[in-house]
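Q: Could you take a close look at a single part of this protein for me? Some context on the whole chain would help too, so start wide and then zoom in.
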Amino acid sequence: MKLWWVGIVISLVFSKWVNGFVEHSFNETELSFLEAYGESKVGANYLMVGLTLIPGAGAKRAVCLDGTLPGYHLHRGYGLGANSWLIQLEGGGWCNSIRNCVYRKTTRRGSSRFMEKNIAFTGILSNKAEENPDFFNWNRVKLRYCDGASFTGDGEDKARQLQFRGQRIWLSAMEDLKSKGMRYAKQALLSGCSAGGLAAILHCDEFRGLFPRTTKVKCLSDAGLFLDAPDVSGGRTLRNLYNGVVGLQGVQHNLPRFCTNHLDPTSCFFPQNLIANIQTPLFILNAAYDSWQIQSSLAPASADPAGFWHECRLNHAKCTPSQINFLQGFRNQMLNAVKRFSMSNKNGLFINSCFAHCQTERQDTWFADNSPVIGKKAIAIAVGDWYFDRTSVKAVDCPYPCDNSCHNLVFQRAN
C-alpha cells in the first residue's frame, strides 16, 4: 500500500514538472539564474539589498498578477553619484494564456508574496568601483517583474482573479522613486535584461519624459532584442507567443504610437520595429546567438518534435555544421535589424558572438579580469564610454567561432 502511495506522489510530481516545463518554458526559463556559475566565485561579498513594496500602488490598481503590491530594491548613491539614478527592469519571460498566467501568479514572477526579500546587487548594480567603474556610486534600483507583459499590460480577468497591470506598475514605481529623489536626477539610465530589456526599449521615451531637458537620460537594453524570426520548422513560435501576450493583457494601448499607426500591435512588441524610431539615446547589448532565443524561440521542442536540435540548443559545441549555419542566419537577421538604428550617432551597440543571455547583471560578464570583450573593450567600459560620450561605441563581433572571450552557456536538462 505504501509503495502504491509513493508511486502516486511521484507520478503527480513528475506530471506537474513536465506540464510546468512544456506549458511555462517561455515565462519560467530563467537563464540569468542558470548563469549563476559565474557568480559563485565572490558570492559571499555581494551587497544584499532589501525589497520595498510600493504602498500607494494598490489604490491605483498597480498590482501584480495576483493583486499583491509590486516592489523594488533600492541602494542609495553617494558622493558624485548622489544625484544619478540607474533603474534596472527585471526580466523573466511573459505569460500569454490564462493557464500560464494563473500558474505565474503562484511564483515570484506574478506575486510579491513569493519574491526574495533580499537580492544580490552585482554587475551593473554593484557598489564597488572595481566591479562597476561608472555606476557604482549611483542610486541603483531593481524593479521587480510581476505582470508578465514587460510592464505594458492594462486589463484584468475577474473570473480567474488575474490583474494585468504592468503599465500601472511602471508608472507607480517611477512616481514613487521620483518622490525619493529621482525627480532631481542630473543623470539617469533606464536598463533591463531579457523581458526587462524589451521593457527598457518600450518605456525609453516615457522615461526621458520624467525628467527636465537638462537631465542626461539614456536607455540600455540587455538581451532584449527578440527577433520576429522563423523557427527551425519554419513557424513563428515567438510571434505566436507575443500575439497571446498582447491580446490577453491589453498591451496594444501602451505601445508606441509611431509603430501602431502603421503596424499591427504584435509587430510593435518586437524591438526591430521600434528601435530606429526611439528618440532617446539607446544602447543595444545582445549576444548574436542569444541562448534564450535559441532554446525557446528558434529551436523549442514544439518546433523540433524529432529532437534533432535537442543537444545543440543545450550546448553549442554539439551543433552540426547545418545547425551552425542556421544560427549564422539568425545572427545576420539581428545585424539587419540594427542597421538603421546604428546609423544614429546617439545610439550604441555591442553585439558579441556568444551563446549567452543577460550580460549586465553577472559580474563575470559585466566587468571582471576575463570578461567578454570586443576589440579589447569589456561591456562595462563600452556602456560607460557611450553613456558619458567618451567615444562612439558600435561594436559588432566577427561570427562564431572567432571570439574566445565569450562566457558561453551550457545547459543540462533531463530528457
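Among contacts in the protein chain between residues at least 6 apart in sequence, what percentage join residues at least 24 apart? After that, please zoom in on helix α14: which of its residues are buried, and which elements do those buried residues pack against?

A: Keep in mind that this is a predicted model. The mean pLDDT of the protein chain is 91, with 89% of residues at 70 or more. The stretch to treat with care is residues 1-42, where pLDDT is below 50. That stretch still has 63 contacts in the model beyond near neighbours in sequence.

Now your number: of the contacts in the protein chain between residues at least 6 apart in sequence, 76% join residues at least 24 apart. The chain has 415 residues, and 58% of them are buried. DSSP gives it 14 helices and 14 strands. The surface it exposes comes to about 16,800 Å², with carbon and sulfur atoms supplying 55% of that.

On to α14, which covers residues 379-387. Eight of its nine residues are buried, so the helix is mostly covered. By name, the buried ones are I379, A380, A382, V383, G384, D385, W386 and Y387. As for what they pack against, the list includes several strands: β8 (187-193), β9 (216-222), β10 (282-287), β11 (348-352) and β13 (377-378). A helix is on that list as well, namely α13 (363-366). After α14 comes D389, and its phi is positive, near 60°.

Two of those packing partners, β11 and α13, lead straight to a disulfide. The loop between β11 and α13 holds C354, and C354 is joined to C406 with the sulfurs 2.0 Å apart. C406 sits in the segment after β14 (394-396), so this pair ties together parts that are 52 residues apart in sequence. The torsion about the S-S bond is about -80°, which means the link between C354 and C406 is left-handed. Both ends are covered: C354 counts as buried at 0% relative accessibility, and C406 counts as buried at 13%.

That link has company, since a search of the whole structure finds eight disulfides. One of them pairs C64 with C146, sulfur to sulfur 2.1 Å. C64 is in the loop between β1 (47-53) and β2 (71-75), while C146 is in the loop between β5 (139-143) and β6 (155-157), so the bond ties together parts 82 residues apart in sequence. The C64 and C146 link is left-handed, with -75° about the S-S bond. C64 is at 0% relative accessibility and counts as buried; C146, also at 0%, counts as buried too.

Another disulfide is formed by C259 and C268, with their sulfur atoms 2.1 Å apart. The C259 and C268 link is left-handed at -90° about the S-S bond, and both cysteines are buried.

So, back to your zoom target: α14 has eight of nine residues buried, and β11 and α13 are among the elements its buried residues pack against. The loop between β11 and α13 is where C354 lies.

Definitions and conventions. Residues numbered from 1 in each chain as written. Predicted model: local features only at pLDDT ≥ 70, side-chain atom pairs only at ≥ 80, totals over all residues. Heavy atoms only, no water. pLDDT = per-residue confidence, 0-100. Contact = heavy atoms within 4.5 Å. Buried < 20%, exposed > 50% of the residue type's maximum accessible area, 1.4 Å probe, protein only. Helix = DSSP H or I, 4+ residues; strand = E, 2+ residues; numbered from the N terminus. Areas by Shrake-Rupley, 256 points an atom, 1.4 Å probe, with all protein chains shown as cover. Disulfide = S-S within 2.5 Å.
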